[in-house]
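The following exercises are to be worked with the sequence and the coordinates at hand. Each task is followed by a solution in steps.

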Amino acid sequence: MDPRLEYKLAMTRRHFFGRTATGLGAAALGACMNPSIFANDFATGSEKQTYGVMPAMHHAPKAKRVIWMFMADGPSQLDLWDYKPKLNEYFDKDLPESVRNGQRITTMTSGQSRFPIAPSMFKFAQHGQHGAWISELLPEMAGVADDICIVKSMHTDAINHDPAITFMTTGSEIPGRPSLGAWLSYGIGSPNDDLPSFVVLISRLATGGANQALFSRMWASGFLPTKHAGVSMRSSGDPVLYLSNPPGVSGAVRRQMLDGLGELNQERLAEVGDPEIAARIAQYEMAFRMQTSVPELADISNEPKHVLDMYGPEVSQPGSFAYNCLLARRLAERGVRFTQVFLRGWDHHGSLPGSIRQLTKVADQPCAALIKDLKQRGMLEDTLLVWGGEFGRTVYSQGTLTKDNYGRDHHPRNFTMWMAGGGIKPGIVHGETDDFSYNITEKPVHVHDLNATILHLLGINHEKLTYRAQGRDFRLTDVHGKVVTDILA
Amino acid sequence: MQLRFAALIAASATILGTSAVTAADRKIEFNRDVRPILSNNCYLCHGPDKNQLQAGLRLDQREVAIEKRESGQAAIVPHDAMASSLIARILSADPDQKMPPVDSGKSLTPAEITILKQWIDQGAEYQGHWSFIPAVRREPPATKFPSHVRNEIDQFILSRLEIDGLEPSSEADLVSLIRRATIDLTGLPPTPAEVDAFLADTSPEAYERMVDRLLLSPRYGEHQGRIWLDAARYGDTHGLHLDNERSLWPYREYVIGAFNQNMPFDRFTIEQLGGDLLPDATIEQKVASGFNRCNVSTSEGGSIDDEVLVRYAVDRTEALSTVFLGLTLQCAVCHSHKFDPVSQKEFYSLYSYFYSMSDRAMDGNVLLPPPLLKLPTADQQKLQRDLDEQSTLLQQTIVAELSKVNYVDPLAGRELPADALTVTRNEMVWFDDDALPTGAQLQGDSPWQFVPKTEGPVFSGEKSSTRTATALSQHFFTGAEPGLKISEGDSLYAYVYLDPANPPKSIMLQFNDGTWEHRANWGDEDAIGFGAKNTTAKRLGGALPKTGEWVRLEVSAADVGLQPGIKLNGWAFTQFGGTCYWDRAGIMTRSVAPPTEFHSQIAWEQAEFPTPNKSLPVPIQDALKIEAAKRTPDQQKQLRDHFVQYVNTGTRATFAPLFAKVTEVDQQKKNLEAAITATMVSEDLPQPRDTFVLIRGAYDKKGEKVERGVPSVLPPLPDGVPNNRLGLAKWLVSPSHPLTSRVIVNRYWQQFFGTGIVKTAEDFGAQGTWPTHPELLDWLATEFIKTGWDVKRMHKLMLMSGTYRQSSKVSPSLLARDPENLLLARGPRFRFDAEVIRDSVLFASGLLVEKTGGKSVKPYQPEGIWEAVAFVGSNTREFKPDAGESLYRRSLYTFWKRTAPPPSMSTFDAPSRENCTVRRPRTNTPLQALALMNDKQYIDAAHKLAERIILEGGATAESRLTYGFRWVTARQPTSREMDVLLKSLERQTASFQADKMAAEKLLTSGDSPRNTSLDLVEHAAWTMIANLLINLDETITK
C-alpha cells in the first residue's frame, strides 16, 4: 500500500474510530471521514461524483481538470494567429471609418489624429491537416496544430486591463466576484486532499514583456467561502505560504507537537461537542500531509531528461513559464481541478515586433510541450487546456509606424484563444474576423460563452451552479453565456 | 482541500423551515412562509420586473394573482387551492405546462407545495415585505423558564425555544464568561490576573462590573472600529490598477474614537455620510466624511472619465445600501430590481446624491487625491503660528526700513539717454522636477517616476524623472495650457543623464504642437522607428551623449519644423532600452535682458517697458506696462518701493538679508506644510452634475433625467432637511425609518452571537433570510432608537442577557436540531476573526505593543506577496517590513494593500476591503493550520510566550503548563490535559536534548533575541509547547 495512504488510514482510525464514545454525533463523524481516502485516484471514482456542493455532475464530464495558460495583458492576435494578408495593401493607410464604425477606443490612442494600419511583419504559414494559419513566431505550436482548436472570434466587454482581466477571470468587471477556479472548487471540488483544488502559478517577468499588474482578486473566492480561493504557489520561499516548519523544527518535532495538539483538541471536542473542533483536527492533519506532498510536487528532479527537454532550457528555473507549465502537468496528475498559469508581458503598445519576438521565445515551446506531454501520458483527453488573455490588440498602430516597427493598442472586439484536450474538437479553427481583424464576421464567442463552455466540459450546467449572496443567485456567467457546441468533440 | 461538511450544512439549512412545516396548526404567514418560495421560484418571470414579465401574470401583487385569466381560471383562488391554476401548474406532469419551467432549473419541494396550498386555503393573504414595515415594539413574551431570564432579550429567545421544544443551557462557568466578554468587547483575551480578580469578586454585580470595565477600555474602540472598517471598505491603497498608497488613516482614527467616546450611532451615521455638509463642520466631522472616499479608485491610462465617475457613484450608493439599509441595490444599476421594490429610476435617484462629489475620476496615483483636509498637530499648529509671527515681524521691519529710505532719482529732471539695451537670448524653464506645465496630462507606457537626489542623479531642483526600458518606451504629456510659445530663432533644450551601466540605444525628444511630427534623435537612428529620417519629423542629432554625466540636449525649433508663433502643448521623452534620467527642460528665447541693478528708477522703468520681466510680481508688471504718466498714485508707490527694495544699487543691500530671511521662513512653512498629515474627505461640486438613468447600466447610454430622491417603498426625507448627502444621512436615522436600526442591531447581534437574527446581515430584502426572532429584532431596533442610538448600552444589553451567558457546550441531539445555533439554546462558540487571532497571540506572548492610532504599519509578511502581483511602477510593489514596535501593533493598524491583502489576515477570512463587507465567512482550512504553526510572527510569539512561562510560571512543569495554558484559554487544564502536555514536554525536551543545534536555530530565527540566561534545550522545548498552545482550537475560539 502507498505509505501515505497507509498513514492517512491510521490517522483516521486513531482520531475518529478510537473515540466514538465521546458523544460526537454520527452525522459529524461521517462528515469528518474523508471519502476520497478510500478512492485511490480520480479514475476509480464514479464519473458523476463530485467533491463540492454539487451532489452529482449535471451531465457526464468530458474533462476532469483544466489548465489555463493565461497570457496576461493581451497578446496580439494579428501577429500570432489571425492571418490578414490583405493588410499589406493598407500599410500606413487609415483604418476605414466603415470598419471602425465609431467604436470606442482607449484614451491612449483616442487623441491620435489618424489610425494607420500596421500589417503584421511576421510570416504566416499553414499547418496541420486543416491548414491553420500560424505565425512564424509560434513554430512549436505550429507543430501541434492538429491538437488544438483555435477560436478567432473571442470578444469581451472591457477595454482597459484592470476591468478586462477581472472580467476574464471572474466573469465581472467589478472586483469582488468569485473566480472561475473558485466556482469549480465550490461546485465540484477536487479528489485530492493533500493539495488545493485551485492552484495559481505566476511566472516571473520575461524579456520582451511590457506588463501590467495582477490582482489577487483574479483567483479570489469573492463571496464564496475562502477555502475556494486559488492558492498561489510561489517560486521562491515556501511554494505554499507557511508550509515549512521554522528553522530547527524537524518533521519529528512537528509530529510530536501535532500529536499533543490532536489529543488536546480531542479532549475539548469530547467536552463541548462542537464539530468544528473535529474539522480543525482534520485540517491540521491535512496541513501535515501537505508539508510532504507540496515539496514533492515542486521537486522536478525526478523528471526524465527527455521530458525536461520538451519544455525547453528554462524549465530548470523555478518560476519560469516553462517550469510552471511542467508544474501544471504535475498538478493535473495529482488531481488538482484547476491550474492557472499566468504569463504577463503582452502589453505591446510600442515596438511590438522586437518585444513579441522575445516573449514568444519564452511562451511558445512550453505550451506545445504541455500538450505533447499530456498526450503521451493519455491525459490530454480528459485535461482541458485553455490559452489566451483578456483582450486582443488593434490593427492600427499606436505611435509611429514603419514596416518593421509598430505598436498596438487594446482591442476587445475580437481576439484569439485556443483550447485543446478534454472534450474539445481538435484541429479546427472556430470563428472568423474581417480583413482588418477588427470585427467578428462569424461565430462570436463572448467571455461568458467561454466560461459556459468550460463549465460544460467539466460536467456543470453554468445556469445551475449558483450561489446566493447579497440577495440573489449569482452565476459565473451572470445571466448570459451559451455553450459553444461547435467546438465540442 | 476541504472537509466534506455538506451533510452538516444541509441540516442547518432546514431547521427553521422544518419547524414551520411541522407546526401545522400555525397560521401560514405570507412573509415568513410563502414569499421566499415565490421569490425564489416565480418572481423572476412573474414579479416586479416589467421586462421579464410573462403572460402578464404577477404573483407579487394579490389583485393580479387572483384575477380571472383568459383561460377562465385565476392563478390563485383564495380559500381553494385545488381550483388555483398556480397549484395545478406546479403539480402538472406535462412539461409544457409545468411550473417553474423545466429549463429554469428550479423546482419546488413537497413541503413548499404544502405551504402554498395551506396558504391559499387559509385565504391567500399577502403582506408587505417585513423589513419595509416599521418595527413594532411588542411586550416581551412570558416564558416557562423564568429563572433563565436576565433581561427582555431572554424572554423573546426562551419563548421561541418553547415553540421548538428546546431548553436553554445553564450558565457558563465564570472563566468562560470573562473570556467571552473580554474577547467580544476588546478583541483581546483576559490576563490571568484579570481572571483571578473576577473569580474573587463574589458580589452579584461582579459580571456587570466586568462588562462596564471592558466598555471603558480604549481597546473597545479599536476592536469595534476594526469591525466597522470592513463595512466601510477602508484600505491603505487605491485598490485598482497601480494600487498605490492613499492616506485615509485619520478616518480610521475617527472611527476608533467614535466608539470609545460612545458617539450615538445616528451622529456617527450623519458625520460619515455628510459630515462635510454640516453647518460649521468641525475637522472631525470632515474627517468622518472620508467614509465616502473609501471606494476603490483608478488612474489607469486609457480609462474613460465618465465611465469611472459612474462606477464611483454606484460604489458609494451600494455602500449606503449595504451598510445602512441592508439592501442590495446592485441589480437596479442595470434594470429594475427583480425581487425588491426598487426601480432602476429610484436607484439612480439615490445614486445622484453621490454623483456630484468633487473628486476627480483619475486619482492620479497620488497619496492624497483631492479633496483633502490637512490635520496639523498641536505642535505643528504652534510652529505654524510661530512662523506666521516671524513673517509678520519681518514685514514690519521691512516697512520700517523702507520708511527710512529717502531715494532721489539721479536722472530726475535730466535728459534721458537713448535705449541701448541689447537683445539676447535667455533660458526659460518650462518644467523641472515634477512640476510640469499646467494642464499637462502625464502618459506613457509606464508611469512617470520622479526620483530625489538620494535615489538618483538630479540636475537641478529636487528631482529628476527616470525610467528603465527593455525596448521602446515613452513618457509624454499633452494638454499644457497656455503652452510654450515659439519665437523666431528660439531653440529647445533638455538635460539628460544616461546610466553608464545601462545606456539606451537611442534617445529622442518629441514636441507636440497638435501633432508629434517634430523630433530630434540621438544615438542609433534606426532604433526608434518614428518619423522619416533627416526631415523635421526626425532630425538626427548624432551619437548618444556621454554617459554618466548631465548633458544638455538642444535643438533649434526651426530644425524640427516649429514655426514662430505656434505653441507647444506637449513634450515626449523617448528611449530605446537603457536607463535615462531627464531633468529641466525649456526654451532659449529672445527677450530683453535688462541689467539687474539700477541707480535710476526712471532707467529701470524704461528697461522694463512695455514687456516687463515675467518674474516680477504681477502688480509691478501691471504698473510697468502702463506709461509713467498714467499710473495711479498707488502704483507709483508700489514701483518706488519695489525699486528701493530690490533694484536700487544703493539700497537693496539693506533689504537683501531681510528677504533672505523671508525666503527661509517661507521654506520652513513649506516644509511644515508637507509634514502635516492630511486625509481624503468628501465635498460636493458647487453645481451638481445632471443625473440620468443609465440604460443597462452603461455609462454612455443615458436615459431619463432624474432628481435626488429616496425609494418610494421607504419613508420620505424628513421635513426640513437639505436634499443632499446630509439630508440623506438624517433620513437614515430618522425614527420612522424601518431599516437602519434593525440592520445595525442585527450586526451587533451577529458580532456577539455568531449569526444575525437576520442571517443575511447584508440583505434584508426579499431574497434575504427571514429573521429567526422578528419580535426580538423589532424590540431591539426600537430600544436602540429609544435610548438615543446608544451603542455601548446596546452592547451591554446583549452581554447582560442570560442568552449570551449560556454555556456553549452542545449535546448531540441539540447539535442535530440546531447545528448553527440559530435558536440559541446554547451560548455562542465560534472561531475568532483574523485580527483577534493575531492580536490575542501577540498579547499572550507579551509582544503586543498597545498604542492607539497613527499611520498604518507593516508587520512581517512572507516575501514576494506584493511583488508577485504588482505593476512595475506601483509604489506598493516592494514590501519592506517595519522594524521595532511597529511589528507588534494591533492588526487593525496593519497596512492594507487591497490587491494583495496581508496573507495572515486573508488566510483567516479577512476581506480584501475592495467592497463593503458586513459578514465575514468563517472557514476552517489547512492553510490556517500552516499559518498558525509556521508563520514567523507566531513562532516569534511562541518563543516569547515560552520565555514568559519559564520566568513567571513557577518552578514545576505543572505550574508552568498551567500558567501558559491560562494565557491562551484563561482556564486551568484538566488533569487529562495536563498529562498530555507533560508527555509532550517530555518528548520535545528529549528531541532538543538530542539536537541542540536545532534548539539554537529555533530560538534565533525570529525577530526577538534569545534570552541567553535561559537553558537552551528547556527554552526550545517550551517554545514548541507554546506553539502547541497557540494552535489549540480553544485558543482561537470564543
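**Exercise 1. A proline placed in its element**

In which helix of chain B is B:P619 found? Determine also whether B:P619 is buried, partly exposed or exposed.

Solution. The model is a predicted one. Step 1: B:P619 belongs to helix α19 of chain B, which covers residues 618-625. Step 2: the neighbour count for B:P619 is 13 other C-beta atoms within 10 Å. Step 3: a residue is exposed at 12 or fewer such atoms and buried at 20 or more. B:P619, with 13, is therefore partly exposed. Step 4: as a distance check, B:G444 lies 175 residues from B:P619 in sequence, and their C-alpha atoms are 39 Å apart.

**Exercise 2. A loop residue and its partners**

Locate B:I676 relative to the elements of chain B, and list its contacts beyond four places in sequence.

Solution. Step 1: B:I676 sits in the loop that joins α21 (652-675) to β14 (677-680) of chain B. Step 2: with 15 other C-beta atoms within 10 Å, B:I676 is partly exposed. Step 3: once neighbours within four places are set aside, the contacts of B:I676 are B:K374, B:L375, B:P376 and B:Q380. Step 4: B:Q381 is 295 residues from B:I676 along the chain, yet their C-alpha atoms are separated by 9.5 Å.

**Exercise 3. Two helices of chain B**

Compare the expected and modelled spans of α17(B) and of α6(B), then state which residues of α6(B) are buried.

Solution. Step 1: α17(B) runs over residues 378-404; at 1.5 Å a residue its 27 residues should span 39 Å, and the end C-alpha atoms are indeed 39 Å apart. Step 2: the same test on the twelve residues of α6(B), residues 110-121, gives an expected 16 Å, in agreement with the 16 Å between its end C-alpha atoms. Step 3: none of the 27 residues of α17(B) is buried, so this helix is hardly covered. Step 4: in α6(B), the buried residues are B:E112, B:I115, B:L116, B:W119 and B:I120. Step 5: viewed down the axis of α6(B), these buried residues fall within an arc of 130° and so line one face of the helix. Step 6: the general basis is that an α-helix has 3.6 residues a turn, so residues three or four places apart point the same way. Step 7: just after α6(B), B:G123 adopts a positive phi of about 120°.

**Exercise 4. The contact between the chains**

How many residues does each chain give to the contact, and which helix of chain A supplies the largest share of its side?

Solution. Step 1: chain A contributes 94 residues and chain B 99 residues. Step 2: on the side of chain A that touches chain B, α2 (26-32), α6 (161-170), α8 (251-272), α9 (275-298) and α12 (352-376) each supply at least two residues. Step 3: the largest share, twelve residues, comes from α8(A). Step 4: sorted by class, this side of chain A holds 37 nonpolar, 43 polar and 14 charged residues.

**Exercise 5. The nonpolar cores**

Identify the residues that touch the most other members of the largest nonpolar core.

Solution. Step 1: this core has 206 residues, and those in question are A:C325, A:M419 and B:I1025. Step 2: α9(A) gives the most to this core, with twelve residues. Step 3: beyond four places in sequence, A:M419 touches A:C149, A:V151, A:L384, A:L385, A:V386, A:I424 and A:I487. Step 4: another core, of 116 residues, lies apart from the largest one; among its members are B:A181, B:Y251, B:Y353 and B:Y355.

**Exercise 6. Confidence**

Which stretches of the two chains have a pLDDT below 50?

Solution. Step 1: the mean pLDDT of chain A is 86, and 88% of its residues score at least 70. Step 2: in chain A, the pLDDT stays under 50 over residues 1-46. Step 3: among the elements of chain A, α2(A) has the lowest mean pLDDT, 32, and β8 (residues 383-388) the highest, 98. Step 4: chain B averages 90, with 96% of residues scoring at least 70. Step 5: in chain B, the pLDDT is below 50 over residues 1-24, and it stays under 50 over residues 419-423. Step 6: for the model as a whole, ipTM is 0.73 and pTM is 0.73.

Note on methods: Residues are numbered from 1 along each chain as its sequence is written. Chains are lettered from A and ligands numbered from 1 in the order in which they are written. This is a predicted model: local features need pLDDT of at least 70, side-chain atom pairs count only at pLDDT 80 or more; totals for chains, interfaces and linings use all residues. Two residues are in contact if their C-beta atoms, placed from the backbone, lie within 7 Å. Helices (H or I, at least four residues) and strands (E, at least two) are DSSP runs, numbered from the N terminus. Ala, Val, Leu, Ile, Met, Phe, Trp, Tyr, Cys and Pro count as nonpolar, Asp, Glu, Lys and Arg as charged, and the others, Gly among them, as polar. A nonpolar core is a set of buried Ala, Val, Leu, Ile, Met, Phe, Trp, Tyr and Cys residues joined through C-beta atoms within 7 Å. The expected span of a helix is 1.5 Å times one less than its number of residues. The arc is that of the directions from the helix axis to the C-beta atoms. pLDDT is the predictor's confidence in each residue, from 0 to 100.
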